[in-house]
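Me: I'm new to this one and would like some help reading it. Could we go through it feature by feature?

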Protein chains: 2
Amino acid sequence: MNAVILAIGDELVSGASSDTNSTYLSRELAALGIATRSVHVLRDDADAIAAEINRAAAAADFLLITGGLGPTADDLTRHGLARAMGAELVLNEPSLERIEAFFAKRGRTMRAGNRIQAMFPEAAEVLENDIGTAPGIAAVVGSARVFVLPGVPQEMRRMFKRGVVPRLPRERSAIVQRVVRCFGAGESDVAAKIDDLMERGAEPEVGITVSSGLISIRITAHAGNPEDAERRATIVAQEVKRRVGHLVIGEGSATLAAVVGSALREARQTLATAESCTGGLIGALVTEVPGASDYFLGGIVAYANDVKRAGLGVPEAVLEKHGAVSEPAATAMAEGCRQRLQSHWALSATGIAGPRGGTPDKPVGLVFVALAGPAGTRAERHVFSGDREVIRRRSARAALDLLRRALRPDTTASGDEHG
Amino acid sequence: MNAVILAIGDELVSGASSDTNSTYLSRELAALGIATRSVHVLRDDADAIAAEINRAAAAADFLLITGGLGPTADDLTRHGLARAMGAELVLNEPSLERIEAFFAKRGRTMRAGNRIQAMFPEAAEVLENDIGTAPGIAAVVGSARVFVLPGVPQEMRRMFKRGVVPRLPRERSAIVQRVVRCFGAGESDVAAKIDDLMERGAEPEVGITVSSGLISIRITAHAGNPEDAERRATIVAQEVKRRVGHLVIGEGSATLAAVVGSALREARQTLATAESCTGGLIGALVTEVPGASDYFLGGIVAYANDVKRAGLGVPEAVLEKHGAVSEPAATAMAEGCRQRLQSHWALSATGIAGPRGGTPDKPVGLVFVALAGPAGTRAERHVFSGDREVIRRRSARAALDLLRRALRPDTTASGDEHG
C-alpha cells in the first residue's frame with residue numbers, strides 16, 4: 001500500500017518556512033508499512049489543490065494533506081477538497097459548537113472567520129482537534145482515502161496518531177529500514193562494493209547518500225509481516241557491512257564522535273584536542289555527545305602561531321622549516337597537547353580552509369591531521385575539496401576517524417586505504 | 001515569471017532526509033523576481049521523473065531539479081530528463097576529462113561508475129561543478145528552461161549562483177527582499193514590535209523566523225521595477241530597525257561571528273576563548289568567518305575541571321565554593337584566558353547542556369557567559385530551553401553577543417534587556 005502527501009501553504013512554496021510535516025508523515029507511514037510515492041508542496045490555490053488531489057487519488061491508496069485549514073481568506077484546502085469530490089461545503093453543527101467552546105474556555109469570543117472551520121464537504125467525516133480550532137477531514141476520492149490535517153506540527157502529529165492511524169486498515173505489509181554508516185572513502189568507492197545490491201527493483205532496496213564525507217547506506221525491506229522484513233533487512237545489512245569492512249562506523253544515526261566516545265568510555269581512556277584550521281570544531285563535535293565529560297578533557301585551539309608555540313610547545317624550528325600547515329606541525333601539536341593535558345590520546349588538525357591563503361605548494365583544502373597516543377603518533381595528509389565549511393567539517397571528521405581506527409586495532413592495518 | 005521545483009531522492013520521500021534545497025531555491029528565485037508555483041519531491045524512478053518534468057514544463061517558465069546526479073545505480077534524474085526530452089544520453093568528453101582530473105588531483109582513480117556523470121541528454125548544456133564530481137545540466141523542455149543541480153547542498157548552491165543565475169533572463173518584474181537580523185530577545189517579543197507591519201496582504205510583506213535565538217525579519221517588496229521595489233523595501237527595513245533597536249545585529253546573512261569579526265578587525269584587537277559546555281563551538285563559529293586569523297588567537301577548551309585549573313588558572317576555591325557552573329567560574333575562565341593568551345578580549349561559557357547533570361539549583365539549560373576586556377569583566381546568567389545542541393548553540397551565541405555589545409559602546413547601556 002502506498003500514499004501521496006500534499007503540503008499546502010504559500011509560506012512553504014516561497015521558502016519562508018520549511019515543510020517538516022511531510023518528513024514526519026512519510027516516516028510514520030513507513031513504520032506502518034505504507035510507502036510514500038511522492039510529496040507535493042502547493043500554494044493556497046483551490047483549483048491547484050483540487051487538481052493535485054484528483055491526480056494523487058488516482059495514483060495512491062492514501063492521500064495525506066496538511067495545512068490550509070485555518071480561518072483566514074488564504075486557507076483554501078477544504079475548498080479544494082470539496083471541488084475534487086464534486087461536493088458542496090456544508091456546516092457541521094457539532095464542530096461549530098466545539099470551536100465556540102474552544103474560544104469560550106479561553107475567555108474569548110469566536111470571530112466570524114472561524115465559522116468556515118466548521119464547514120466540511122458533504123459525505124466527509126470530521127477529525128476532532130482537541131488542542132486547536134481547526135478540525136481535520138477524512139474523505140474518499142475515487143478509490144483513495146483522504147485525510148486532511150492542520151499545518152501546525154503539534155496539532156498535525158496529534159491528529160495523525162489519534163484520528164488517522166485508527167482509520168488505516170490493519171492488514172498491511174511491513175517495511176523495515178536499516179542504515180549502515182561509513183567513513184573514509186568516496187561515495188563511488190563504497191557504491192562499487194555493493195553495486196549489485198543497489199540494482200533497481202532489488203528487494204530489499206539499497207540506496208546510498210553522503211554528507212561531508214559521512215556515507216549512509218539505507219536498506220529497506222518489504223514483507224508480509226514485520227519479522228520477515230526485519231530478517232531480510234538484517235541479512236542485507238550484514239552483507240553490506242561485510243563488504244564495506246573497516247569503513248563501517250555503525251548503524252542508524254551513528255556519528256564518528258559517538259562511536260569514538262563509546263570506545264573511549266569502554267577503554268577508560270581520555271582525549272584532548274589541538275586545533276588550528278578547525279578552530280574548535282573537533283571539540284564541538286566530540287561534546288555534541290551527551291556524557292562526553294567521561295572521556296573528553298578539553299583542548300587548545302591554536303589558531304595563531306604564538307599559541308602553537310606557547311600553548312602546545314610546537315618548536316619554532318618546525319614552524320620555520322615546514323610551516324604551520326605541515327605534517328611535523330600536526331605531529332608536534334598532537335604530542336604537545338597530549339603531554340600538557342595528560343590525556344591518553346590527542347588529536348590535531350592544521351590546514352588551509354580557504355577561501356584565501358592557498359599557494360601552489362599548499363593549496364586550499366590541504367589538511368594534516370595527527371593522533372598522538374600511547375604507542376606513538378600517526379599523521380595523515382588530505383586534500384579536501386569544497387568550501388571553507390566543508391573543508392573544516394571534513395578535517396574534523398578525518399581527525400576523529402584516525403582515532404576511531406586506532407581504537408579498533410583489527411582495522412588499523414588497512415588504514416592507508418582511507419584517502 | 002514562475003518556476004516549479006523538483007527534488008529527487010528516495011531518502012527524501014521516505015523521510016530519511018529533509019528536502020532543504022527547495023526552500024533555498026524558492027527563496028533565491030523570489031529574490032530574482034521568479035515566484036515558485038509548487039515543489040514536488042519524487043523517488044529515484046526515471047518514469048516518474050520524466051512524467052513530472054513534462055507536467056511542470058507545461059505549467060512554468062523555469063524548472064529547477066535537484067538530486068539524482070550521483071554515480072550510482074539509483075541516480076536516475078539524467079535518465080528521466082532524457083526521457084522527457086525524447087533524447088538519448090551521450091558522452092561529453094570535456095566533462096569526462098574534468099571528472100578524471102578531479103580524481104587524479106586527489107591521487108585516486110576514477111571508477112567506471114563515475115562515467116555516467118559525464119553523460120548528458122543530446123542538446124543539453126553542461127553546468128560545471130568545481131567542487132564535486134557531478135556536473136549539472138541545462139536544457140529546454142517544451143517552452144520551459146530546465147536546470148538540474150546536484151543534491152549536495154553546497155554544490156547545489158554554488159552551481160545555482162554560478163551556472164543558473166547568469167542564464168536567467170534579465171527583465172523581470174521586481175521582487176526585492178531584505179533581511180534584518182536580531183539577537184537577544186524572543187521571537188514573540190520582536191514580533192510584538194512590528195505587529196502592524198506583519199499583517200496579511202501588506203505591501204511590502206514582512207515575515208519572521210527564528211533559529212537558535214537568531215531572528216530573521218524578512219521584508220519582501222514587489223514593484224514594476226527594481227528601483228521602486230528597493231525603495232519600498234528600504235523604507236520598511238529602516239522602520240523595522242528603528243523599532244527593534246539595539247537587538248539588530250545586521251542585514252542579509254549577517255552572523256554574530258561576522259559582525260564581531262569586522263568590529264575586531266577595525267579596532268585592531270584580538271580575541272581568545274575559554275569554553276566548557278560549548279566544547280569549542282564558540283571558536284568554531286568565530287573561525288567560520290574567512291580571515292578570522294586577523295583577530296582570533298585561539299583558546300582553551302576546558303571541559304574537565306583539571307583543565308580549568310591548570311589551563312586557565314581558575315582557583316580551586318572558586319570551583320569548590322561555587323562550582324564549575326557559576327558566575328565566578330565564568331569570570332575566572334575569561335580572565336585567565338585573556339591573561340594567558342594575551343588577547344584584548346576573552347569570552348567564556350560554562351553551563352549544563354544536558355540532557356543529564358541538572359539539579360534543582362542548577363537546571364539543564366543554566367549557562368554563564370563572561371567577557372574579559374580592557375575595562376574589566378562582565379558576566380551574564382541565562383537559562384535556555386531546548387535540547388543539548390540548541391542550548392550549546394544559544395550559549396555560544398550569547399557569548400558572542402556580549403562581545404558585540406561591548407564593541408558598540410552606544411548600545412551597551414541597554415544591555416540588561418538582553419535576557
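Reply: Sure! One idea to start with: two strands count as paired if DSSP finds at least two bridges between them. Also keep in mind that this is a predicted model.

Me: Which residue stands opposite H40(A) in strand 2 of chain B?

Reply: That's H40(B). The strands around this spot, strand 2 of chain A and strand 2 (residues 35-42) of chain B, run antiparallel and are joined by five bridges.

Me: How many residues of each chain are in contact there, counting the whole of chain A against chain B?

Reply: Contact here means C-beta atoms within 7 Å. By that rule, 69 residues of chain A touch 68 of chain B. Among the elements giving two or more residues to chain A's side are helix 2 (21-31), strand 10 and helix 14 (388-406). That side splits into 28 nonpolar, 25 polar and 16 charged residues.

Me: Strand 10 of chain A came up. Which strand does it pair with?

Reply: Strand 10 (residues 205-211) of chain A pairs with strand 11 of chain A, antiparallel, over seven bridges. One of the matches is G207(A) with R218(A). The two strands make a hairpin with two residues between them, and S212(A) in the turn has a positive phi of about 45°. Strand 11 (residues 214-223) also pairs with strand 9 (residues 174-182) of chain A, antiparallel over nine bridges; there, V176(A) sits opposite A221(A).

Me: And how is chain A divided into domains?

Reply: Into domain 1 (2-167), domain 2 (174-251) and domain 3 (256-417). Going by C-alpha atoms, the centres of domain 1 and domain 3 of chain A are 51 Å apart.

Notes
Residues are numbered from 1 along each chain as its sequence is written. Chains are lettered from A and ligands numbered from 1 in the order in which they are written. This is a predicted model: local features need pLDDT of at least 70, side-chain atom pairs count only at pLDDT 80 or more; totals for chains, interfaces and linings use all residues. Helices (H or I, at least four residues) and strands (E, at least two) are DSSP runs, numbered from the N terminus. Domain bounds come from an automatic or database domain assignment. Two residues are in contact if their C-beta atoms, placed from the backbone, lie within 7 Å. Ala, Val, Leu, Ile, Met, Phe, Trp, Tyr, Cys and Pro count as nonpolar, Asp, Glu, Lys and Arg as charged, and the others, Gly among them, as polar.
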